[in-house]
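This report follows the backbone and the ligand site of one protein model, moving from a hairpin to the sheets, then to the ligand, and finally to some backbone details.

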Amino acid sequence: MQTTQTPILKDIVLVGAGHSHVGVLRMFGMDPMPGVRLTLITRQVHTPYSGMLPGMIAGLYTHDQAHIDAAPLTRFAQARLYHSEVVGLDLVTKHVICRDRPPVPFDVLSINIGSIPSARQIPGVAEHAIPVKPIDGFFERFEAARARILKREGRARIGVVGGGAGGVELTLSLQRRLARDVADAGFDPSALAFTLITSSDELLPTFPARMRRRFTELLRERRIGVVAGSKAMEVRRDAVLVAGNGPIALDEVFWTTRAAPADWLANTQLALDDEGFIRVSETLQSVSHAFVFAAGDVASIDGHAPPKSGVYAVRSGPPLADNLRRMLLGRRLQPYKPQREALYLISTGERYALGARNGFTIEGPWVWKLKDFIDRRFMAKFNELPQMPLPATGPPPAIADAAALKEISAMAMRCGGCGAKVGANILTRALGAVEPAPREDVVVGLDAPDDAAVVDTGGKRLSVHTVDYFRAIVDDPYTFGKITANHALGDIYAMGAEPQTALAIATVPYGIEAKVEADLAQMMAGANAILRDAGCALVGGHTSEGAELSLGFAVNGLVDRDTALRKGGLRPGDALVLTKPIGTGSLLAAHMRGKAKARWVMAAIEHMTQSSKAAAQILRAHGATAATDITGFGLLGHIVEMVRAANVDATLALTGVPLLDGLSQTIAAGIFSSLQPQNVRLRRAIRNMDEAAAHPLYPVLFDPQTAGGLLASVPSERAQSCVAALKSAGYASATIVGSVEARSQALAPITVALEETRQPLESAAIPSRQDQREEVVHAHQPVL
Ligand SMILES: Cc1cc2nc3c(=O)[nH]c(=O)nc-3n(C[C@H](O)[C@H](O)[C@H](O)COP(=O)(O)OP(=O)(O)OC[C@H]3O[C@@H](n4cnc5c(N)ncnc54)[C@H](O)[C@@H]3O)c2cc1C
């Protein structure tokens, strides 16, 4: 997806989207290193910014204001984003071992994975407490606790274990937020009770005395109980057992005690300190493996002991980026000495904060404003990234043809996946003059094109053939392999066939042998994972080097005679069922421009890698008579193909079309696939075109899909149960999007219904097929 003219020579792999790595990515984005490729492997693609986390809990910031989004950031840095969890390292072969994908090779590795709670020895913490660390995932844990508290109508005893800055700030934020939510839900907020438990004799033991005193007063004013000087020994379902104090009855227990390192580090051969954190020198290099760097909570810098806090993780970013660069350039690395003192600003869960530095303390609403300003300025660096230059396509030709030049400049942002397909009209024109050799055994060929060709090889079953090939739509070759294989299988399933064998054709960017091999291995591992699941044997293929990573498959399938689902099998009265949401074209175009949120991209990937095998079986079991897979020509283009082949009309409920998350935002921002304009040419097939074109969701009809869902015609009386079965098989967005009618005299066969409902036709009375049959069937008119 990222195009580069310079072959890749070195791979830097960043593990964890922590506070230091986000800085590294930004710095490499500002000043890329030709020949050096960055890959970020992270468990969560939205990283919470620690400074704003308590404010988000208190309800002062939204999720997106308090999180750094790895998708635009990695796009900006021209880095690859691998959404995965690292579980180990092979430091001999230099591979990162991930939970759910093949090992990832590296030349230089950097680890910034934060920490976990140091409470493993305390019974009951794992089962009953809500750890704030790792901070990724804490928001989800908090939301679950909030839901439980509301379910109890606010009658809840809430405990926070840990009296450091994190624990105190969290307690105050929790109190403000939960009291407000409980009141908003119509319950009495005074039924909420809060207790802070700390093993130190005083709260905030590392802070100036005045700060400690002020927070103690504040907690008292806000009726928050403090149990100090007592260690929590055990967490039970409804209490915390505290040394010398007995059990304290609590319904929810948040755990914010000291940080501990992730368990898997112990098995890596990296030199670790006594607590298990990675020992690094002042250059942030591992003292045992110079090609491994570490920063943030996970690092223990020899000779320094900065607190495990986001401030220090952020500060490590620039020296880490500099030393990674120096290492690859063979230059001397520079030492980083963490500052002794930092300005600490702790909010009180409202727009009020206290601060401390060098023994001095400050407080007031203005301190909160200062903190808010500093935090927002920091986040703006990641949320308002400078405009990325378009990939160079060479100087424009010196001709005075404005239309041609406009087209050429648009080519700089051509989409991958099915967005890279040639438009339907071009294809029809180009193939118009092609006359294939006539053969009796071709059952479905170019004369009546379908999702796949069907050939009679004389056996009991017919042979089904399809081919797909496109350039990468995501930077991760493993995920790209999965998407491509799944996309190719879609045609086989749309024909109601069973996949048999596949041949691969792959293009890998020029590069040194090891890099080419690694990319190819990752891509084919992804593809094969999907093919194996489908029972489709990879039997061969062809590879070549080229400018961009591309992959395709020629897939063969088998189908029983007379059972193939043809596009032309639509019957008046049928319901049109769609199995997956629409939106990959616009979303991936937005991702290419760094304008898509990571969660939208990850959800789109999930849909693109979801097999249509079960969907095809369910559709068939519910009497489907026609099917197609929605791909490059978009929903409308594929419906047009079907109605033309069947000589029928159709109604499509625009507001009932299921959409991928984020699609409404990307189309509202005017971001479309480069194939969209060609698909829009099919609009003449819409009977009420002017009315439909005025609707904000109109562009959805033309959005090209990669590995899209199946669209099938199902007898209307079975459509509801078909959708229910699809939903329970995991196609959560499956829905009825339209109906088939007998051909009318209107030139354009498709009516776009615009009523404002997300499920327009599921509950609507769809005329029975018998009623429809009475209607006159007119000759089909060409629409293209
Ligand atoms: C409630 C609370 C409030 C806090 N408030 C402040 C504050 O105001 N100021 C402050 O300075 N500090 C604060 N801290 C401390 C701060 O959150 C941590 O010190 C800081 O987040 C550590 O940053 P980091 O860069 O080391 O890692 P993190 O920010 O924790 O990031 C780790 C990253 O690594 C990823 N990751 C983890 N494990 C894996 C894996 N195995 N594979 C792949 N990816 C992985 C995660 O998804 C994440 O992206 C607070 C902590 C808490 C709990």
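The hairpin of β6 and β7 has four residues between its strands, and within this hairpin Lys-94 takes a positive phi near 60°. The model is a predicted one, and every value below is computed from its coordinates.

**The sheet around the hairpin**

The two strands of the hairpin, β6 and β7 (residues 95–98), pair in the antiparallel sense over four bridges. In this pairing Gly-88 has Ile-97 of β7 as its bridge partner, while Val-86 stands opposite Cys-98, also in β7. The hairpin belongs to an open sheet of three strands in the order β6-β7-β8, with antiparallel pairing. Its edge strands are β6 (86–90) and β8 (104–105), each of which pairs on one side only. Strands of a sheet pair through backbone hydrogen bonds, in either a parallel or an antiparallel sense.

**The ligand shell**

Val-86, whose place opposite Cys-98 was given above, also takes part in the surroundings of the ligand. Of the 30 residues around the ligand, those that come nearest are His-19, Val-86, Asp-297, Gly-310 and Val-311. Sorted by class, this shell holds ten nonpolar, 14 polar and six charged residues. The following table lists polar contacts of the ligand.

| Residue | Protein atom | Ligand atom | Distance |
|---|---|---|---|
| Arg-43 | polar backbone atom | nitrogen | 3.1 Å |
| Val-86 | polar backbone atom | nitrogen | 2.9 Å |
| Asn-112 | polar side-chain atom | oxygen | 2.9 Å |

Taken alone, the ligand exposes 990 Å², and the protein buries 94% of that area. The elements that give two or more residues to the shell are β2 (36–42) and α8 (310–329), and the largest share, three residues, comes from α8.

Helix α8 also contains Arg-326. How exposed is Arg-326? With a relative accessible area of 21%, Arg-326 is partly exposed, because the buried class is reserved for values under 20%. The C-alpha atom of Arg-326 is separated by 62 Å from that of Ala-621, a residue 295 positions away along the chain.

**A second antiparallel sheet**

Another open sheet consists of three strands in the order β15-β16-β17, and here too the pairing is antiparallel. The edge strands are β15 (232–236) and β17 (246–249), and each pairs on one side only. Neighbouring strands of this sheet are turned by 25° against each other on average, with direction ignored. Four bridges join strand β16 (residues 239–242) to β17 in an antiparallel arrangement, and within this pair Leu-241 has Pro-247 of β17 as its bridge partner.

**Strand β18 and its parallel partners**

Strand β18 (residues 252–255) is joined on the one hand to strand β11 (residues 129–131) by three bridges, the two running parallel, and on the other to strand β12 (residues 157–161), with which it pairs in the parallel sense over four bridges. Trp-255 of β18 stands opposite Pro-131, and Trp-255 is also the bridge partner of Val-161. Which residues of β18 point the same way? Glu-252 and Phe-254 point one way from the strand, whereas Val-253 and Trp-255 point the other way, and all of them are buried. In a regular strand the side chains alternate between the two faces of the sheet.

**Backbone details in loops**

Most residues other than glycine have a negative phi, and most peptide bonds are trans. Against this background, a cis peptide bond joins Lys-133 and Pro-134, with omega about -5°. Pro-134 is placed in the loop between β11 and α5 (138–151).

Leu-204, a residue other than glycine, has a positive phi near 45° and lies in the loop between β13 (193–198) and α7 (209–221). Is Leu-204 buried or exposed? Its relative accessible area is 0%, so Leu-204 is buried.

Arg-223, likewise not a glycine, has a positive phi of about 55° and is found in the loop between α7 and β14 (224–228). Its relative accessibility is 76%, and Arg-223 therefore counts as exposed, since that class begins over 50%.

Conventions
Residues numbered from 1 in each chain as written. Predicted model: local features only at pLDDT ≥ 70, side-chain atom pairs only at ≥ 80, totals over all residues. Heavy atoms only, no water. Near = heavy atom within 4 Å. Polar contact = N/O pair within 3.5 Å; in protein donor to acceptor, adjacent residues only side chain to side chain. Areas by Shrake-Rupley, 256 points an atom, 1.4 Å probe, with all protein chains shown as cover. Nonpolar A, V, L, I, M, F, W, Y, C, P; charged D, E, K, R; others polar. Pairing = 2+ DSSP bridges. Axes fitted to C-alpha atoms, helices over the stretch in contact; angles between N-to-C directions. Buried < 20%, exposed > 50% of the residue type's maximum accessible area, 1.4 Å probe, protein only.
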